[in-house]
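Here are a few exercises to work through with the model open beside you. Take each task first, then follow the solution step by step.

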Amino acid sequence: MADLENSAQALDSARVLLPSDHEDVPQVLATMASVALHRFVRSGDPVLLSDAVEKAQQGIAACRDVNDGRLAGWYSNLGSLLRVRHEVADDRSDIDRAVEYGRLAVERTPSRHQPLVLGALIGSLIQRGLRYDDLDDVGAVAALARKTLSLIPDGYAARGQVLGAVVAALRVDHQLAGSRRSLDEAIPLQRELVASLSPTRPDMAIHLSSLSELLRLRFEQLGSRADLDEAVAAARRADEAGWAAGQPAAARSLSLRALAQVLLDEGRQEGSAAASAESVEAARRARTAAEGHPVLVPRALILEGNGWLSRHAATQDPAALEQAIGCFEQATEHFPDDDAQRGVLISNTAVVRLNALPDDADAAALTPVIDELRRALMITGSRTARGAQTAANLGAALSRRYVDTQQTSDLREVCELWDVVAGLDAAPPQQRVRIAGLTGELLMLSGQHGDAADRYAEAVRLLPMTAWRGADRAGIEAQLAQARHLACDAAASRLAADGDGMAALRVLEAGRGVMWTRLLQLRRGGSDLERWNPQLAARLGEIAAQLERIEEFDELRAAVSQSGLTDRRALLAAEYRELADQAIAAGHGGFLAPPDEQQLLNAAVGGPVVVVNVSQWRCDALIVSAAGVHPLRLTALSVGEAEQRTADYLHALGQLDTARALLYQARRARAAKPGLASARAEDAARSQLAQATQQADALLDEMLRWLWDTVAQPVIGELERLGLFAAPQQESAVPRLWWCPTGALSLLPVQAAGHHDVLAAQGVPRTLLDRFICSSVPTVQALAQAHRSARDLAGEKSGEGNMVMVAMPETPGHPSLPEVHQEQELLRTLFAQDRLHVLQGGAATRSAVREALHGHRWAHVSCHGTQDLDNPSRGGLLLCDGLLSVPEISSGRHRGDFIMLSACKTVTGGRHLPDEAISLGAAVHFTGYRHVIGTQWSVGSRAAADFCETLYTELATEDGFSPAQSAAAVREAALRLRADASLPRYSWTPFVHIGP
């Protein structure tokens with residue numbers, strides 16, 4: 001600081017000595033302005049800032065030559081000074097003049113030298129746009145930033161300075177206009193800027209903080225853990241760099257704010273009280289460092305308040321709420337009455353008070369909160385991302401009052417507010433989906449079913465935006481899990497409104513299997529698109545292939561950082577969207593369109609398809625036939641009972657798996673150390689397994705009877721009434737029936753429904769297994785696609801093809817599977833040596849199996865399988881070199897006709913994402929295998945071998961191998977397992993056929 005004061009004194013002396021008309025006076029004054037600015041930055045004294053502005057103005061006025069080439073730089077510097085003073089004093093005239101001088105500077109600067117002055121102008125436009133919600137300014141800065149970037153020549157000395165302005169513009173375009181493209185462009189530019197700087201630079205901490213904030217924003221959009229981890233690391237580096245460089249307190253406050261913000265997100269992500277506490281502490285340090293700075297103090301208070309809210313969420317400590325309110329109220333006083341940030345703070349404070357109220361709070365308690373939220377909305381408006389949140393908050397408060405008072409005016413206002421939010425492009429997609437869904441829910445509660453169905457349909461239409469191609473798989477799954485009931489509720493609301501079965505089916509299909517639809521859309525081109533613009537179609541195909549490679553292949557992950565992958569994925573996705581938009585605008589976007597009515601009806605070409613929709617509003621069977629969709633109300637079925645029975649079923653089977661694992665461990669321990677203790681331990685484990693088996697059998701008895709009584713029997717009666725098939729008179733006339741359960745039911749063996757415990761006493765068996773050939777399908781679209789694939793293969797002889805077998809009789813750390821050899825010998829009897837390719841033991845690597853599945857028409861996989869109910873993408877096959885996971889299988893493109901997955905849990909989905917059908921069986925089916933046979937839970941190796949023996953005996957015909965009979969063969973194999981008294985009673989229930 002002493003050096004700056006000495007410089008200021010020296011310049012004052014020079015100014016006094018120079019004649020007023022001397023040619024050096026303008027430059028001296030410009031330098032004096034610069035020194036005054038640096039003194040202000042160090043001290044925070046606003047008098048020094050005003051002195052800097054005055055000196056800059058005097059310097060320009062002292063310039064006698066209007067063509068002086070230095071004027072452009074002086075104009076730009078004055079604009080920057082006025083921008084800084086506006087930030088401190090909040091005088092609108094300062095920022096207006098800053099923009100004016102910035103434009104003058106650009107006009108006077110040759111294009112090759114424009115990047116620097118354009119950067120200064122961008123800064124002023126950003127500040128004015130943010131402070132006064134000037135969307136014209138915000139809209140201009142992104143285009144201006146891209147122009148600036150294009151003008152930067154190679155080796156440009158001030159590239160780093162210009163990049164800072166460009167990044168700021170792109171960030172604002174994202175925050176206020178909702179542009180994902182801008183955010184995705186900004187991150188690698190900011191990363192480049194950080195990498196170009198010396199670690200000891202005084203402003204390194206600021207640039208690291210900016211990188212942290214950008215990554216944090218993308219984490220909020222996409223949920224990528226890699227972004228959050230890098231954001232935390234950058235913020236910690238910024239904090240360290242700030243102290244090492246001896247930064248002014250105000251600059252350290254910025255770094256600490258960035259750290260507080262990412263720790264806040266980490267605390268929310270993990271529910272961590274420790275991270276929330278660290279966030280609060282960082283925010284407090286930021287406030288202390290910024291003491292006396294009118295802009296930085298309230299920002300730190302806001303973060304501290306948010307930290308207390310996160311702490312309350314993790315600990316339920318009511319004192320944390322009071323701390324949050326106190327911080328928000330203090331921060332509010334620092335902002336002018338018309339500042340949008342003041343409105344946001346009023347809204348936040350009101351929401352904290354709203355959430356603190358009991359669930360049954362009456363209108364008297366809610367009205368003061370509503371009044372505060374109205375006041376906030378008058379300040380923020382509802383047309384920006386910040387305003388959208390305020391509108392959403394007011395709608396939430398009004399909806400609670402409506403529940404208490406039933407005032408139609410409140411309901412009408414809620415719908416108006418939430419419709420604005422759902423329709424606002426600048427709002428985050430997940431917020432738009434959630435708000436549209438909440439509107440539908442509220443309207444259903446009010447009895448306005450038609451309006452509710454429209455809102456739900458809008459939410460489903462928006463849902464794929466949360467599965468954006470630029471996000472990683474984990475982020476997409478997290479977003480979809482938040483809306484896991486949406487599609488079923490949307491279909492139920494449509495049925496409640498007008499009973500339109502086709503409309504209900506279409507909205508249900510649009511909201512289920514979103515991740516698979518996203519994958520298939522990437523791959524789908526279409527002859528229409530290729531005829532119209534072959535270059536565009538080819539580029540879309542290239543991008544699709546690259547996106548799949550980025551998402552799925554470990555070798556690429558090893559070569560590129562996770563954050564770099566996210567950058568690359570995001571930019572590819574943005575290009576894909578732009579090209580797809582061109583195709584849509586030209587009328588050639590059919591490859592992205594949802595299936596039309598006829599495409600869905602084509603799924604029933606082989607027989608009726610029964611979609612069982614389970615919703616909080618009602619439960620129905622949608623019976624799809626070639627003639628249309630017929631809804632049937634399932635009055636005995638409820639979502640609550642379905643979810644409870646599913647939870648009980650999964651728990652019982654989980655206990656059975658645990659008991660099997662304990663017995664395996666006890667046997668190994670006894671083999672390693674024979675003796676009385678180990679023998680007793682093995683006996684105890686065997687007893688525990690017997691008890692778990694008995695409990696599972698009892699539960700399955702009851703559950704399969706319940707499925708028959710509540711679902712299967714009513715559907716069969718309706719099918720007979722509609723004349724869609726006659727009751728079978730002889731074995732050869734067993735009818736086909738496809739099941740597509742939704743929600744929790746998709747985890748149950750619906751195809752096994754029936755009273756199997758009393759077969760001898762039945763006339764006409766009350767079981768699906770005895771009366772029908774049943775198949776399961778993840779979605780109706782998937783079945784329609786499988787039928788289309790059948791037509792594509794019609795020219796190939798059914799018996800011709802090659803079989804690949806994956807055989808893993810031994811897997812380290814897992815029980816031996818001796819029956820694998822039995823299955824292998826069975827296949828050797830059916831297929832000639834040159835038509836059977838076996839990958840056994842060490843040859844069964846992940847890469848070899850992927851390649852084999854791609855190159856063979858038929859496949860048989862016999863090994864251990866696994867599934868994680870909470871994270872189904874971690875499911876897969878256990879091979880010699882590790883897990884071949886669902887995502888890796890999903891990356892393949894197959895043209896297969898048949899695959900038998902003789903492994904555990906190969907068609908088991910996830911409990912939090914049941915309608916996404918994330919399983920190994922679904923993966924091979926969606927990516928090309930028409931007939932898939934898998935298991936819904938663990939199976940014994942002997943039961944699997946016996947099942948396969950019957951299966952292949954049925955499929956081996958005089959013409960060769962006949963996969964078209966797969967469903968009937970699965971039924972026959974299940975019947976024989978059920979009749980085998982030497983096997984556990986329900987050893988047959990896990991096996992299921994997927995396909996036509």
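**Exercise 1.** Find how much space lies in the largest cavity, and describe its lining.

*Solution.* Start with the volume: in this predicted model, the largest cavity holds about 310 Å³ of space. It comes from a search of the whole structure that finds five cavities of 30 Å³ or more. Next, look at the walls: 21 residues line the largest cavity, with Ser746, Val777, Pro778, Val907 and Ala917 nearest its centre. Finally, sort the lining by character, which gives 13 nonpolar residues, seven polar and one charged.

**Exercise 2.** Work out which strands pair with E8, and whether the residues of E8 are buried or exposed.

*Solution.* Begin with E6 (residues 803-807), which pairs with E8 in the parallel sense over five bridges. Then turn to E12 (residues 898-902): E8 pairs with this strand too, in the parallel sense over five bridges. Val861 makes a handy marker, standing opposite Val806 and having Leu901 as its bridge partner in E12. Now check the side chains of E8 (residues 858-862): Trp858, His860 and Ser862 point one way, Ala859 and Val861 the other way, and all are buried.

**Exercise 3.** Decide whether Gln431 is buried or exposed, and list its contacts beyond four places in sequence.

*Solution.* First locate Gln431 in helix H20 (residues 429-445). Then apply the cut-off: Gln431 has 6% relative accessibility, and because buried means under 20%, Gln431 counts as buried. Last, leaving aside neighbours within four places in sequence, Gln431 is in contact with Ala388, Gln389, Ala392 and Val421.

Note on methods: Residues numbered from 1 in each chain as written. Predicted model: local features only at pLDDT ≥ 70, side-chain atom pairs only at ≥ 80, totals over all residues. Heavy atoms only, no water. Helix = DSSP H or I, 4+ residues; strand = E, 2+ residues; numbered from the N terminus. Buried < 20%, exposed > 50% of the residue type's maximum accessible area, 1.4 Å probe, protein only. Contact = heavy atoms within 4.5 Å. 1 Å grid on protein atoms, 1.4 Å probe; cavity = no way out; pocket = protein on both sides within 12 Å on 5 of 7 lines; lining within 4 Å. Points joined across faces, edges and corners; volume = space filled by probe spheres on them. Nonpolar A, V, L, I, M, F, W, Y, C, P; charged D, E, K, R; others polar. Pairing = 2+ DSSP bridges.
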